[in-house]
Amino acid sequence: MRVLLIEDEPYLGQAVQEHVARGGHAVDWVQRLDEADAALRTVDYGVILLDLHLPDGRGLDLLRTLRRRGDKRPVIILTARDQIRDRIEGLNAGADDYLVKPFDLDELVARILAVARRYGGNPNPVVRVGEVEIDLADRHVRRDGRDVELTGREWAIVDQLARHPKATISKEQLEETLYAFGAEIESNAVEVYISRLRKKLGRDFIRTIRGLGYRLGG
Ligand code: CA
């Protein structure tokens, strides 16, 4: 999943970015609202982490703007202990959850997964495709009951497909997921990863929908 982190405290921002990325999710970190708005217009984020006091304005104003636009992507507010009013205002403005600073980073990852599941309309974190079982919460993939090791990028692709098990995901969307890991990718990168995944998880695990993209088989 790709996560947008909007936070202007450098230490906290870096810690969150590193920890969430270690959990296999790509994190774009911005420190200002205008950068956040630009990113939100172009990238399909699974979850947005929103600090409330940014150098160019209030996080709540961004949240209200999103909801007014009909943008329902899940937002978790990151707030300081003495800002109870902000928290209430945030939930009223359409936030999905909030965490009080300083928070436990594992707790943050758990909350991210929880709001993403609710948003995806898929409260069951286990997705089955033929003999393959994908546990989105534990980040486990099994084939015929045996654990299969995936690299971070392979997992990112499986995760995106499994979050929308009935949808066709375009090559561009999958490319974006790979880009978020920060490295340059080759133009055929998506095909390369899909083919590796088919070797590990079976030829029918991912179906190619000609001209449209990919979806889980079964
Ligand atoms: Ca701040």
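Helix 6 lies across strand 8, strand 9 and strand 10, and its direction is at about 90° to strand 9. The model in which this arrangement appears is a predicted one, and the report starts from the sheet beneath this helix before turning to other parts of the chain.

**The antiparallel sheet**

Strands 8, 9, 10 and 11 make up an open sheet of 4 strands, which follow one another in the order 8-9-10-11 with antiparallel pairing. Strand 8 (126–129) and strand 11 (146–147) stand at the edges, and because each has a single partner strand, one side of each is left without a neighbour in the sheet. Within this sheet, strand 9 (residues 132–135) is joined to strand 10 (residues 140–143) by 4 bridges, and these two strands run antiparallel. One of the pairs is formed by I134, whose bridge partner in strand 10 is V141.

**Helix 6 and helix 8**

Helix 6 (residues 152–163) also meets helix 8 (residues 189–201): the axes of the two helices come within 10 Å and cross at roughly 85°. Since angles of 65 to 115 degrees count as roughly perpendicular, that crossing makes helix 6 roughly perpendicular to helix 8. On the side of helix 6 the contact involves R153, E154, I157 and V158, while helix 8 contributes Y193, I194, R196, L197, K200 and L201. Sorted by chemical character, the residues of this contact comprise 6 nonpolar and 4 charged ones, with no polar residue.

**The parallel sheet**

A second open sheet has 5 strands in the order 2-1-3-6-7, and here the pairing is parallel. Its edge strands are strand 2 (26–30) and strand 7 (97–101), each of which pairs on one side only. From one strand to the next, the twist averages 20°. Strand 6 (residues 75–80) and strand 7 run parallel and are joined by 5 bridges, and A80 has K101 in strand 7 as its bridge partner. In a regular strand, side chains alternate between the two faces of the sheet.

**Helix 5**

Does the length of helix 5 (residues 105–119) fall short of what is expected, or agree with it? At 1.5 Å a residue, its 15 residues should span 21 Å, and because the C-alpha atoms at its ends are 21 Å apart, the two values agree. The buried residues of this helix are L108, V109, I112, L113, V115, A116 and R117. These buried residues pack against strand 1 (2–6), helix 1 (10–22), strand 3 (47–51), strand 6, strand 7 and helix 6, so that strands of the parallel sheet are among their neighbours.**Three single residues**

The table sets out the accessibility of three residues, each of which is then described in turn.

| Residue | Relative accessible area | Class |
|---|---|---|
| R87 | 13% | buried |
| A95 | 10% | buried |
| E176 | 25% | partly exposed |

R87 is found in helix 4 (residues 84–92). Because buried means under 20% relative accessible area, R87 counts as buried at 13%. When residues up to four places away in sequence are not counted, R87 touches T79, A80, R81, Y98 and V100. A80, one of the residues that R87 touches, is also the bridge partner of K101 in strand 7.

A95 is found in the loop between helix 4 and strand 7, and at 10% relative accessibility A95 counts as buried. Which residues does A95 contact, leaving aside its neighbours within four places in sequence? They are L63, V75, I77 and G90. A95 and L49 are 46 residues apart in sequence, and their C-alpha atoms are 9.9 Å apart in space.

E176 has its place in helix 7 (residues 171–179) and, with a relative accessible area of 25%, is partly exposed. Leaving aside neighbours within four places in sequence, E176 is in contact with R2, T42, V43 and D44. From E176 to G46 there are 130 residues in sequence, and the distance in space is 12 Å, C-alpha to C-alpha.

**The hairpin of strands 12 and 13**

Strand 12 (residues 206–209) and strand 13 (residues 213–216) pair in the antiparallel sense over 4 bridges. The two strands form a hairpin with 3 residues between them, and in the turn G211 has a positive phi of about 80°. Across this pair, R207 has R215 in strand 13 as its bridge partner, while T208 stands opposite Y214 in strand 13.

Technical notes. Residues are numbered from 1 along each chain as its sequence is written. This is a predicted model: local features need pLDDT of at least 70, side-chain atom pairs count only at pLDDT 80 or more; totals for chains, interfaces and linings use all residues. Side-chain values use heavy atoms; hydrogens and water are left out. Two strands pair if DSSP finds at least two bridges between them. Axes are lines fitted to C-alpha atoms, for helices over the stretch in contact, and angles run from 0 to 180 degrees between N-to-C directions. Angles under 35 degrees count as roughly parallel, over 145 as roughly antiparallel, 65 to 115 as roughly perpendicular and the rest as oblique. Contact means heavy atoms within 4.5 Å. Ala, Val, Leu, Ile, Met, Phe, Trp, Tyr, Cys and Pro count as nonpolar, Asp, Glu, Lys and Arg as charged, and the others, Gly among them, as polar. The expected span of a helix is 1.5 Å times one less than its number of residues. Buried means under 20% relative accessible area, exposed over 50%, partly exposed in between (1.4 Å probe, protein chains only).
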